[in-house]
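Biologist: Can you put the model up? I have some questions about cavities, pockets and charged pairs.

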Amino acid sequence: MSLPPGLRRTPMAWAAAVMLASLVVLALVGPLVWGASADRPDASAVLQGPSVGHPFGTDNLGRDVLARVLTATRPSLLLALAAVLLGAGAGILLGASTAVLGRRARRLTAGLINLLLAFPALLVAMFLAVVFGAGAAGAMLALAAAGVPGFARLTQTLAAGVAGTDHLAAARVLGLGRLRLLGRHVLPNIAEPLLLSTTTAAGTSLVALSGLSFLGLGVQPPGYDWGQLLNQGLDRVYAEPLPALAPGLAILYAALAFQLLGEVLAGNAARRGPAPRTPAPTPAPWGSPRPKAGGGPAEEGLVLQVEDLHVELPTPDGPIRPVHGVSLALRPGEIVGLVGESGSGKSLTALAIADLLPYGARVSRRTLRLLGADLAALAPKERDRHLATGLAMIFQNPASALNPALRVATQLTEAVRAHRGASRAQATAEAAEALRRVALPPAVLRSRPHQLSGGQRQRVMIASGLMVRPGLIIADEPTTALDVTVQREITRLLSEIRRDTSAAILFISHDVALVGEFCESILVMYAGTIVETLPADRLADGARHPYTRALVASVPDLTADRDRPLPTIDGAPPDPLTPAPGCPFEPRCPRRRGHCADHTPPLEDLAADHRVACWYPVPVAADPETVAAS
Amino acid sequence: MTVLRVTDLTVHHPGPLGQVTAVDGVSLEVPSGTTLGLVGESGSGKSSLARAIVGLVPVHTGRIMLDGREIRARTIRDRRRLGRLVQVVLQDPDTALDPRMTVRQTLGEAATVFHRLDRPARDKRVTELLELVGLDPRLAGRLPRQLSGGQRQRVALARALAVEPGLLIADEVTSALDVSVQAAVLNTIRELQRRLGLSMLFIGHNLPAVCHVSDAVAVMRHGRIVETAPTDALLRAPQHPYTRTLLAAVPSLRTPPPAPAPEEQPP
């Protein structure tokens, strides 16, 4: 196994490595160097205390205790490792087989594992050690057998995660044999956690084996290991503590070494986990340098005014700037669609407005006003209250946005009771009213989220947003997880809310067709910037930016000619780690010319409500087929 | 190529409150060399049907016939025989590929299930497969996490095609992709239909995408098929009310949204 460089840097990793190396060296050379003196009886020095010749004293035959402890390193470690390897091997095979066996065999195996787990491991080990007969081999086998159920269960759980993946289903459909499935697809994907627990189990096994020897069930004289030495030393522990202490210390030292190694490996695995996030040097979510209070000039009558918003996120490969220079403004009762593909920065824009960015993100902007109040000028507590009462967020996945343990009533009334100090009865009445507005019966108040369908949960989320009578509703992909018929109901509902409460709605989606149909004006985002803003009715035929054109053209339409290929966009969005100068769409643009690569086009007015960031906008009458080369 | 005929198929799932009928007496047919689209909303039983056809979930009652022979997936030998005839591409590009295997290893494994290939022949086959799905052969050395979602889904497609199946089942293959990437994958699928003469069962909830690649479309709801018709006929004159609801719910840039139905107004 090759250890990544990060593993050797921490003091704990050093300590584990040094301790482990010392154990290995002792196990290798111990019997060679001290073996002779450990076995040499000396009738003149029986049961002596510590002296210069015998630092830890001698035993009842006059043999040097220190030499015996050092020599016992090899048998003690070998027995413990053998026990853990046997136990882990059998347990892993048993557990992993559940992922590849047929249904009946799988159920039988799972049942067997459950049954085995019902017996306490140490009792099983002692019982088996007696059954196998006292002796090193017996104790080792007993411990191995006792370890099997734990490993089997762990492996079964881990393998179930792999068994549910599409790639295992595909491998099964290919007709691969069970051994190949197990060896190639299941085990490599769960090897890491298994290795960790095997390491930790080695420490435990060492202690347990010493325990068995101590009880006289393990290694038998004239053979000896640490447990047996402990047993011999214990008889006179009150007279001479050191002969008993020496093997005890050895056991402690070795067990600690294995535990430390496990810790180091686990820490390392966690670092390489799915969401690596290096903390930013200064966790200042509201921007550094902190902008002057006031920012840009306030414009009258705007619900939301954002100017020149930048977001910087730390990643393991360096900071990225997924949003740079975004400006937008919403009036009361306006529905604005923010459309872009994954990675375009549309969700981060919303999170930055709501102050919900992940830890370590840095935001800077010239202006950020919500309902006329400059958020940068407010104290943190006031800002939270202003955001909580002025803004409602609706997220993509209603299943995880609602707390599954709380009743709907509790979740709906939480915000008003906290921020407006409403009484319980008053808050409940308001909640029932909010539910009525999203066309849900008041009975829903008493249900828990899992009792509701996806569409109902999203309605509860909207009702929850309405409770604070927000001026702005940000809906981040609110219908993406829902079926089309339910999607239609939700967009209709949002339109009605807008009409009745004159709240402004920022509707974020990747679905161009939906945004074009449902919103009044559209912002198109690409690679962290807004490339075009236009009225929705002009989206189908009047877009001027080549990216907007290509995006619209790539949507399959029920009326499209099925024999012609759909227009696509060649290439991929720019890598945020390596920002290039010039227009971000330039490498994929069919209309690019020389200086597009060097100069970033500003977002400029084409008409009163139409702005585009492009040096060579598509002429209005152009045929979309010619701009979107496939 | 391969003809699929499903007769009166029922599939049960174990649920917390007893058995749930996921597929309820479904019959359908995919004639040789054509594509049948299967649309329906979440929980309508589309994926259970697909998984039953490839033997990943057990069939309760009914028959699944490939080229006139009933399929069986009880033993590894049955499964191998089935795997030669029918392959499946599943929804999730994140788990579609083994994260520890390079593209070359994944495709090489699939290409050598039924043929013994030496190393140069295997590499040649991997290159062929990548070109078939419109990917750069230089991607062969990459791991799945170094590929985009669209690229991963194409590799999954290439893996399914590696055994040269007669029938391909595509279960929501474009659902997790961006529209511009979806367009490219749909084009690839049309191209494959043309070049390989594949029979295909294309499952999805996005009606325009399904219609774009299908010769005929079956609409599924609550485990049953409510309507099957040639694509043009279905779009022009939907017969079942549910089909009409589905069609009306599809957002479109070029047609105005339907006015809200009066009974849906709050009282």
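Modeller: A note on classes before we start: Ala, Val, Leu, Ile, Met, Phe, Trp, Tyr, Cys and Pro count as nonpolar, Asp, Glu, Lys and Arg as charged, and the others, Gly among them, as polar. Also, this is a predicted model.

Biologist: How do the residues lining the largest cavity divide by class?

Modeller: That lining has 8 nonpolar residues, 1 polar residue and 2 charged ones. The lining residues are A:His545, A:Pro546, A:Cys583, A:Phe585, A:Glu586, A:Cys589, A:Arg591, A:Cys596, A:Pro601, A:Cys614 and A:Trp615.

Biologist: What volume does the largest cavity have?

Modeller: About 60 Å³. Searching the whole structure turns up 4 cavities of 30 Å³ or more.

Biologist: Pockets next. What is the volume of the second largest pocket?

Modeller: The second largest pocket comes to about 1,300 Å³. It is lined by 39 residues, and those closest to its centre are A:Arg103, B:Gly55, B:Leu56, B:Pro58 and B:Arg79.

Biologist: Which helices and strands supply at least two residues of that lining?

Modeller: From chain A, helices H3 (73-100), H4 (103-117), H6 (136-163), H7 (166-173) and H8 (178-214); from chain B, helix H1 (46-53), strand E4 (61-66) and helix H2 (76-85). H4(A) gives the largest share, 5 residues.

Biologist: And the lining by class?

Modeller: For the second largest pocket, 19 nonpolar, 8 polar and 12 charged residues.

Biologist: Changing topic: how many salt bridges are there over all chains?

Modeller: The count is 27 salt bridges.

Biologist: What does A:Asp166 pair with?

Modeller: The side chain of A:Asp166 forms a salt bridge with that of B:Arg51, at 4.0 Å from N to O. This pair crosses between chains, from helix H7 of chain A to helix H1 of chain B.

Biologist: Is A:Asp166 buried or exposed?

Modeller: A:Asp166 is buried, because its relative accessible area is 10% and the cut-off for buried is under 20%. B:Arg51 counts as partly exposed at 27%.

Biologist: What about A:Asp563, which partner does it have?

Modeller: B:Arg190, with the closest N and O atoms 3.6 Å apart. That pair also crosses between chains: A:Asp563 is in the loop between helix H19 (546-553) and strand E12 (604-607) of chain A, and B:Arg190 is in helix H6 (residues 179-196) of chain B. A:Asp563 is exposed, at 55% relative accessible area, while B:Arg190 is buried, at 13%.

Biologist: How many residues apart are B:Asp94 and B:Arg152?

Modeller: They are 58 residues apart, with B:Asp94 in the loop between strand E6 (86-89) and helix H3 (103-111) and B:Arg152 in helix H5 (residues 149-161) of chain B. The two form a salt bridge, and their closest N and O atoms are 3.9 Å apart. B:Asp94 is exposed at 55% relative accessibility, and B:Arg152 is buried at 15%.

Biologist: Which residues are joined into one network by salt bridges that share partners?

Modeller: B:Lys124, B:Arg125, B:Glu128 and B:Glu164.

Biologist: Last thing: where is the kink in helix H1 of chain A?

Modeller: The kink lies at A:Gly30, shortly before the proline A:Pro31, and is about 55 degrees; the helix covers residues 11-39. A:Gly30 is also one of the buried residues of H1(A), which include A:Ala27 and A:Gly35 as well.

Notes: Residues are numbered from 1 along each chain as its sequence is written. Chains are lettered from A and ligands numbered from 1 in the order in which they are written. This is a predicted model: local features need pLDDT of at least 70, side-chain atom pairs count only at pLDDT 80 or more; totals for chains, interfaces and linings use all residues. Side-chain values use heavy atoms; hydrogens and water are left out. On a 1 Å grid over the protein atoms alone, a cavity is a set of points where a 1.4 Å probe fits but cannot get out, and a pocket is an open set with protein on both sides within 12 Å along at least five of seven lines; lining residues have an atom within 4 Å of a point. Grid points are joined across faces, edges and corners, and a volume is the space filled by probe spheres set on the points. Helices (H or I, at least four residues) and strands (E, at least two) are DSSP runs, numbered from the N terminus. The bend at a residue is the angle between axes fitted to the seven residues ending there and the seven starting there. Buried means under 20% relative accessible area, exposed over 50%, partly exposed in between (1.4 Å probe, protein chains only).
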